[in-house]
Amino acid sequence: MDVAVSGDAESLARALEAQGFGKAVAISQGAPRVYRVAGRLPVDLAELEGVSIEQDLARRDFTANAIAIDLATGSWIDPFGGAGDLARRRLRLVKASNLTEDPLRAFRAARLYATHGLRPDRRTRAACRTTAPALATVAAERIQSELFKMLEAQRVDAAFRWAESADLLSPALGLELPSSLWRGAARNLTRLDGAPTARLPGDRRRILRLAAIAAGLGLSPQEASKWLRRRRLGRADAHAAARLLELAAAAFGARSERGRWAWVHDAGAQAEDALTLLTAAYPRSKSLARRLRRLAGRTRRGPIVTGADLMSWLEETPGPAVGRLLREVQIEALRGAVRTRRQARLWLQNRKRRDVEPEVPKIVRLRP
């Protein structure tokens, strides 16, 4: 809950803390001062910008955000027609000059389009386009907050396309690329909207869409990881999105049956999202994705074999060979070829023998 305070916000925050509503924390000590009372229902108390609530609302970005309720009377204070804009699902600026004060508001327009279905009007689009270059000066962490909300929305393609048409994407996301590549990223997002992502939790939807954008821009997994980390999108998100790109690319090399089982093993819990990305970024790969999805649904719970087991059975020392052999026996377990620890031990011993013992050519008598 956001509360505009005509007096001392700190005194009111401390009073609410004393009454047990939560802990008072200073969010901003600059003008206007803002305090949060962090309790079951967080309350942000901001001192008025100006001498009246109307002047305070006049400094907001969009009319939908420039509505207040008088707590004494319960009446609406809506000097800019925000309620009517909400009814029309329209996003309209309070004043174009307000974007100049904080260029992030231009990118917030795209986020509100995605999260609330409020389509920016022509004047808003023109003002956002004018402000777009200044987005390059906004802290990456602030853009990240808006981007995450945008990518976690149920549908994002229309908002992303609008952002591209307003020239917001390159400065906001830190990649100076031609419009054709951004449109390619938008096509991937369009294919993901609806059934492929509707039931996913927000964090998985976000990571999948980040990977789809990177694929549309033609970024390699390594390039995507560097870009996402440079934009302060978090190490975990950067790694997960890059891994989805790796798995989507690796799927094309899974041509044999064992190769496909190896892909399922390596994909693990990310298999479903990697296949969703595969079909979104490469629509002609649907038959391949179907085969891999069928295998992923048929995996068996094989015996538990550890690196320690493997070194004991094969008298191996720690090293890359142990990890490689462990992966291979796990793939055999997924296929159902190895069902017990005894079978796993025999398979590993046979595999090591094949690796160590030279293959003896078979002597064949040639007929004259």
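Biologist: Hi! Which strand is Ala26 in?
Modeller: Ala26 sits in strand β2, which covers residues 23-28. Keep in mind that this is a predicted model.

Biologist: Got it. And is Ala26 buried, partly exposed or exposed?
Modeller: Ala26 has a relative accessible area of 36%. Buried means under 20% and exposed means over 50%, with partly exposed in between, so Ala26 counts as partly exposed.

Biologist: What does Ala26 touch, leaving out residues up to four places away in sequence?
Modeller: Ala26 touches Val34 and Tyr35.

Biologist: How far is Ala26 from Thr130?
Modeller: Their C-alpha atoms are separated by 34 Å, and the two residues are 104 residues apart along the chain.

Biologist: Let's move to helix α6, then. Which of its residues are buried?
Modeller: Helix α6 runs over residues 122-131, and Thr124, Ala127, Cys128 and Thr131 are buried there.

Biologist: Why do we say those buried residues line one face of the helix?
Modeller: Looking down the axis of α6, the buried residues fall within an arc of 100 degrees, so they line one face. Here is the background: an α-helix has 3.6 residues a turn, so residues three or four places apart point the same way.

Biologist: Nice. Which residues are exposed on the other side of α6?
Modeller: Those are Arg122 and Thr130.

Biologist: And what covers the buried residues of α6?
Modeller: The cover includes two strands, β7 (90-91) and β8 (119-120), along with the helices α4 (97-101), α5 and α8 (157-165).

Biologist: New topic: pockets! How much space is in the largest pocket?
Modeller: About 1200 Å³ of space lies in the largest pocket. It is lined by 32 residues, and Asp2, Ala46, Asp56, Arg60 and Asn65 are the closest to its centre.

Biologist: Which element gives the largest share of that lining?
Modeller: That would be β1, with four residues. The elements giving two or more residues to the lining include β3 (34-38), β4 (43-47) and α5 (104-116).

Biologist: What classes of residue are in the lining of the largest pocket?
Modeller: There are 17 nonpolar, 13 charged and two polar residues.

Biologist: What about the volume of the second largest pocket?
Modeller: The second largest pocket has a volume of about 190 Å³. Of its 13 lining residues, Arg300, Gly302, Pro303, Gln330 and Ala333 lie nearest the centre.

Biologist: Which helix gives the most to that lining?
Modeller: Helix α19, residues 320-335, gives the most, with four residues. By class, the lining of this second largest pocket has seven nonpolar, four polar and two charged residues.

Biologist: Does α19 turn up anywhere else? I mean, what covers the buried residues of α15?
Modeller: α19 is part of that cover, which also includes α14 (235-251), α16 (271-281) and α17 (286-296). The buried residues of α15 (residues 257-267) are Arg260, Trp261, Ala262, Trp263, Val264 and Ala267.

Biologist: And what follows α15?
Modeller: Gly268 comes after α15, and its phi is positive, near 55 degrees.

Biologist: Last one: Arg209. Which helix is it in, and is it buried or exposed?
Modeller: Arg209 is found in helix α12, residues 202-216. Its relative accessibility is 0%, so Arg209 counts as buried.

Biologist: What joins the side chains of Arg209 and Asp193?
Modeller: A polar contact of 2.9 Å joins them. Beyond its neighbours within four places in sequence, Arg209 is in contact with several residues, among them Met150, Glu152, Leu189 and Thr197.

Notes. Residues are numbered from 1 along each chain as its sequence is written. This is a predicted model: local features need pLDDT of at least 70, side-chain atom pairs count only at pLDDT 80 or more; totals for chains, interfaces and linings use all residues. Side-chain values use heavy atoms; hydrogens and water are left out. Buried means under 20% relative accessible area, exposed over 50%, partly exposed in between (1.4 Å probe, protein chains only). A polar contact is a pair of N or O atoms within 3.5 Å; within protein, one must be able to donate a hydrogen and the other to accept it, and residues adjacent in sequence count only if both atoms are side-chain atoms. Contact means heavy atoms within 4.5 Å. On a 1 Å grid over the protein atoms alone, a cavity is a set of points where a 1.4 Å probe fits but cannot get out, and a pocket is an open set with protein on both sides within 12 Å along at least five of seven lines; lining residues have an atom within 4 Å of a point. Grid points are joined across faces, edges and corners, and a volume is the space filled by probe spheres set on the points. Ala, Val, Leu, Ile, Met, Phe, Trp, Tyr, Cys and Pro count as nonpolar, Asp, Glu, Lys and Arg as charged, and the others, Gly among them, as polar. The arc is that of the directions from the helix axis to the C-beta atoms.
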